Amino acid sequence: MFSRRDRRRSHREWVLWGVPLGMITIAGVLIASTQRQADYADWYHHWITAAFGVLLALGLERLPLQRLRPLLVPVYALTVISLVAVRVIGTTALGAQRWISIGGVHVQPSEFAKIAAILLVAAVLSRHPVERPVDLMRPLGVIAVPWLLVFIQPDLGTSLVFGALMLTMLYWSGMPVEWVILLLSPLVTALLSGLLPWAMALWIPLMGVLAYRSLPWKRLAATATLAIHGAMAAVTPWLWMHGLKDYQRDRLVLFLDPSQDPLGGGYHLLQSTVGIGSGGVLGTGLLQGQLTKLRFIPEQHTDFIFSALGEETGFIGCLLVVLGFAALMARLLQIARNARTDFESLVVIGIGTMLMFQVVVNIFMTIGLGPVTGIPLPFLSYGRSAMVVNFISLGLCLSVVRQSRRSLAHLR
């Protein structure tokens with residue numbers, strides 16, 4: 001049994017609770033600022049959704065993750081079915097079909113698919129660690145189905161999240177780092193084939209040598225690696241022209257020089273960087289940003305909320321948010337290291353990867369260091385589905401903390 005002191009300490013997760021709730025509070029004001037000249041005002045929905053999320057997190061905190069294991073396959077199957085349903089009865093907006101309307105509320109299944117994939121991949125890796133290349137078939141098979149269904153929506157940003165969490169969870173499970181590099185290398189080959197074709201003469205042989213030195217059946221592995229990279233280099237031009245939508249190609253290219261199309265594909269990036277720069281050190285003050293007020297950035301309350309933060313709170317506000325996310329990630333790493341089981345540890349590291357990948361990509365996007373990908377900023381961007389999933393993730397991490405402390409109390 002816990003003493004009163006232990007029970008109080010178990011609830012003092014200041015970082016896990018304080019960082020998200022602090023960001024949600026400021027985000028509600030920023031969203032209200034973006035809607036000052038709009039015909040509608042639903043900024044308060046951000047706080048209402050967060051309140052519902054808090055209740056979910058509190059409930060999940062008391063539920064040991066091991067009890068969820070029998071439900072993982074059904075939950076995963078349900079999310080896959082919902083992703084298929086998007087293709088059939090989904091709602092289209094902003095050039096993509098990503099939502100299902102349920103009772104007048106738009107639900108984004110791809111957000112829930114991320115957490116379902118994390119849970120099932122964690123269960124697979126904890127039971128069947130990757131010790132041979134053939135062992136990769138299980139986790140890659142789990143992640144490939146939702147990844148493909150999300151990619152064809154099309155939702156390039158969310159599909160990248162699946163890849164990032166997969167690679168990180170494989171590494172955390174003990175897979176050799178050389179294998180992680182080999183899994184990531186075809187993407188590098190695709191990029192080099194378009195940007196620096198001459199570099200492939202060095203890169204592809206290097207990957208062949210790495211495969212020869214780190215994989216069994218050395219000659220076969222090296223030959224297969226060279227063939228895969230050669231095929232990737234050959235097929236990339238076709239994928240570029242036919243596998244991506246026009247606006248996706250623009251997003252991937254124009255961030256290098258958005259002034260090429262200042263009123264089209266580069267508009268968001270130019271206005272976002274201007275807005276952030278105009279905030280200076282201390283910002284214009286909450287609800288005082290002129291670019292935000294005049295709605296120079298379309299859909300600023302969602303993917304580009306960081307630009308409103310930069311304008312109205314300045315460099316100091318942006319720095320505090322970045323430090324908050326850094327503290328959150330440091331705490332998640334600590335929880336993952338202290339978890340009782342491999343399953344719990346992998347769940348936490350998967351959640352941490354999901355959140356931090358979105359943070360880095362979103363902030364880089366808004367300051368002009370990356371392409372526009374449509375990835376929301378956790379706890380700050382407006383979005384019901386994303387907010388609920390973020391709090392589900394928080395509740396799962398709190399559950400791991402609670403169970404770890406119970407184990408320590410029993411050992412004492």
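Colleague: Buried means under 20% relative accessible area, right? With that in mind, is Asp135 buried or exposed?

Modeller: Asp135 has a relative accessible area of 6%, and since buried means under 20%, Asp135 counts as buried. Keep in mind that we're looking at a predicted model.

Colleague: Nice. Which residue does Asp135 form a salt bridge with?

Modeller: The partner is Arg132, and the closest N and O atoms of the pair are 3.1 Å apart.

Colleague: Why do such side chains pair up at all?

Modeller: Side chains of opposite charge can pair when their charged atoms come close.

Colleague: How many salt bridges are there in the whole structure?

Modeller: A search of the whole structure turns up six. One of the pairs is Lys114 with Glu111, whose closest N and O atoms are 2.9 Å apart.

Colleague: Where do Lys114 and Glu111 sit along the chain?

Modeller: Both belong to helix α5, which covers residues 109-127. They are separated by about one helical turn, because they're three residues apart in that helix.

Colleague: And are those two buried or exposed?

Modeller: Lys114 is buried, at 1% relative accessible area. Glu111 has 4% relative accessibility, so Glu111 counts as buried too.

Colleague: Which salt bridge links distant parts of the chain?

Modeller: Look at Glu13 and Arg331, whose side chains meet at 2.6 Å, N to O. Glu13 lies in the loop between α1 and α2, while Arg331 is in helix α14, 318 residues apart. Glu13 and Arg331 are both buried.

Colleague: Which residues make up the salt-bridge network there?

Modeller: Glu13, Arg331 and Arg405 are linked in that network.

Colleague: Switching topic: how many cavities of 30 Å³ or more are there?

Modeller: The count comes to three. The second largest has a volume of about 60 Å³.

Colleague: What lines the second largest one?

Modeller: Its lining includes Leu16, Leu328, Ile351, Phe379 and Asn390. The elements giving two or more residues to that lining are α2, α14, α15 and α16.

Colleague: Which element gives the most?

Modeller: That's α16, with four residues.

Colleague: Last one! How do the lining residues divide into nonpolar, polar and charged?

Modeller: Nine are nonpolar and two are polar, with no charged residues in the lining of the second largest cavity.

How values were computed: Residues are numbered from 1 along each chain as its sequence is written. This is a predicted model: local features need pLDDT of at least 70, side-chain atom pairs count only at pLDDT 80 or more; totals for chains, interfaces and linings use all residues. Side-chain values use heavy atoms; hydrogens and water are left out. On a 1 Å grid over the protein atoms alone, a cavity is a set of points where a 1.4 Å probe fits but cannot get out, and a pocket is an open set with protein on both sides within 12 Å along at least five of seven lines; lining residues have an atom within 4 Å of a point. Grid points are joined across faces, edges and corners, and a volume is the space filled by probe spheres set on the points. Ala, Val, Leu, Ile, Met, Phe, Trp, Tyr, Cys and Pro count as nonpolar, Asp, Glu, Lys and Arg as charged, and the others, Gly among them, as polar. A salt bridge is a side-chain nitrogen of Lys or Arg within 4 Å of a carboxyl oxygen of Asp or Glu. Buried means under 20% relative accessible area, exposed over 50%, partly exposed in between (1.4 Å probe, protein chains only).
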